[in-house]
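Hi everyone, thanks for making time for this. I'd like to walk you through a structure that may be new to you, so please have it open as I talk.

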Amino acid sequence: MSLAATELKLTFRSAAQRGHVDAGWLKSAHSFSFGSYFDRNNMSFHNLRVINDDWVAAKGGFPMHPHKNFEIFTYMLEGSLAHQDTMGNGSTVSKGGIQFMSTGSGVQHSEFNPSTTEEAHLLQIWLIPDRKNTTPRYEMLELEGKARDGAMQLFLSHDGRGGSIRTEAAADIYSGKLNSADEIRFELNDDRVAYIHVARGEVHINGHTLKDGDALEAEGQGTLTLSNAKDAEVILFHLAPRS
């Protein structure tokens, strides 16, 4: 699939369109079909398979469970999450942190909110890898506050450049923060596509106003301009297209 000769095509995805789950200890909004939420027309965006916006109650969590052949990362927005896995890793990620698993040939893990009083808010994101059954691995990364002010910090990439975590997926993923005086321009000038998810706040992108949980799909060539923001935190996925 090649979009190199096409103009920029934008598709707005409202937060209200997401599937919602309330399990008591877990409240979740699913950007794509997941679990009990199924929409055959909303399975993924190219190799981006899952964005779950999760609120985990104090002491709540996911018991040990398996994953295979997905690239999975947790993007912490508030609170903390404790992780253990069958690779021998045990760690806690907090606000501003990333924990990443390349699940490859298979791994099991658990995640719990260690707080007895505070809710944890996080995004759990899955990518489809280019290679299957690779050796599983786990990494953590702290996002830099100032590096994201009015700019994009690369934190996950297909080649691990610039101190980012390397992923088996054909993807480069950035985090940025914007306020009213900030403007970020991102060029789409090859056959790659982009997906922008607003983790919180408000931002204007090429004539669209996006707020908490909204997203914008971009295919073709052109410039994405992020501006006129209000305490916005965004994740930008630069992805190889899938036919």
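**A walk through the strands**

Let's start with Gly19, which lies in strand 2. A quick word before we go on: what you are looking at is a predicted model. Is Gly19 buried or exposed? Its relative accessibility is 6%, so Gly19 counts as buried, the cut-off for buried being under 20%. As for what surrounds it, if we leave aside neighbours within four places in sequence, Gly19 is in contact with Ser28, Ala29, His30 and Tyr37. Take Tyr37 from that list: Gly19 and Tyr37 are 18 residues apart along the chain, yet 5.6 Å separates their C-alpha atoms.

Now zoom out to the sheet around strand 2. In what order do the strands of this open sheet run? There are 7 strands, and the order is 2-3-4-11-6-9-12, with antiparallel pairing. At the edges sit strand 2, residues 19-22, and strand 12, residues 137-142, each pairing on one side only. From one strand to the next, the twist averages 15 degrees.

Within that order, look at strand 6, residues 71-78, and strand 9, residues 97-102. These two pair in the antiparallel sense, over 5 bridges. If you'd like a spot to click on, try Phe73, which stands opposite Phe100 in strand 9.

Next, a second open sheet. This one has 4 strands in the order 5-10-7-8, again with antiparallel pairing. Strand 5 and strand 8 are the edge strands here, each pairing on one side only. Ignoring direction, neighbouring strands of this sheet are turned by 20 degrees against each other on average.

Strand 7, residues 80-85, is a nice one to follow by eye. In a regular strand, side chains alternate between the two faces of the sheet. Which side chains of strand 7 point to one face and are buried? They are Leu81, His83 and Asp85, while Ser80, Ala82 and Gln84 point to the other face and are not buried.

Strand 7 has partners on two sides, so to speak, and I'll take them in turn. With strand 8, residues 90-94, strand 7 runs antiparallel, and 5 bridges join the two. One of the pairs to look for is Ala82, whose bridge partner in strand 8 is Thr92. The two strands form a hairpin with 4 residues between them, and in the turn Gly88 has a positive phi of about 95 degrees.

The other partner is strand 10, residues 107-112, which pairs with strand 7 in the antiparallel sense over 4 bridges. Here His83 has Glu111 as its bridge partner, and Asp85 has His109. Strand 10 is also the place of Ser110. Ser110 counts as buried because its relative accessible area is 8%. What does Ser110 touch, not counting residues up to four places away in sequence? The answer is Phe62, Pro63, Met64, Ala82, His83 and Gln84.

Let's turn to the largest pocket. Its volume is about 210 Å³. Its lining is made of 15 residues, and those nearest the centre are Leu26, His30, Phe34, Asn52 and Phe62. Which elements give two or more residues to that lining? They are strand 3 (26-30), strand 4 (48-56), strand 5 (61-67) and strand 11 (120-127). By type, the lining divides into 5 nonpolar, 8 polar and 2 charged residues. You have met two of the central residues already: His30 is among the contacts of Gly19, and Phe62 is among those of Ser110.

One last stop, further along the chain. Strand 15, residues 171-178, is mostly covered, with 7 of its 8 residues buried. Strand 15 pairs with strand 13, residues 152-157, in the antiparallel sense over 4 bridges. There you can find Met152 standing opposite Gly176 of strand 15. Strand 15 also runs antiparallel to strand 20, residues 222-239, and 8 bridges join these two. In that pairing, the bridge partner of Ser175 is Ile235 in strand 20.

That's the tour, and I'm happy to go back to any stop you'd like to see again.

How values were computed:
Residues are numbered from 1 along each chain as its sequence is written. This is a predicted model: local features need pLDDT of at least 70, side-chain atom pairs count only at pLDDT 80 or more; totals for chains, interfaces and linings use all residues. Side-chain values use heavy atoms; hydrogens and water are left out. On a 1 Å grid over the protein atoms alone, a cavity is a set of points where a 1.4 Å probe fits but cannot get out, and a pocket is an open set with protein on both sides within 12 Å along at least five of seven lines; lining residues have an atom within 4 Å of a point. Grid points are joined across faces, edges and corners, and a volume is the space filled by probe spheres set on the points. Ala, Val, Leu, Ile, Met, Phe, Trp, Tyr, Cys and Pro count as nonpolar, Asp, Glu, Lys and Arg as charged, and the others, Gly among them, as polar. Two strands pair if DSSP finds at least two bridges between them. Axes are lines fitted to C-alpha atoms, for helices over the stretch in contact, and angles run from 0 to 180 degrees between N-to-C directions. Buried means under 20% relative accessible area, exposed over 50%, partly exposed in between (1.4 Å probe, protein chains only). Contact means heavy atoms within 4.5 Å.
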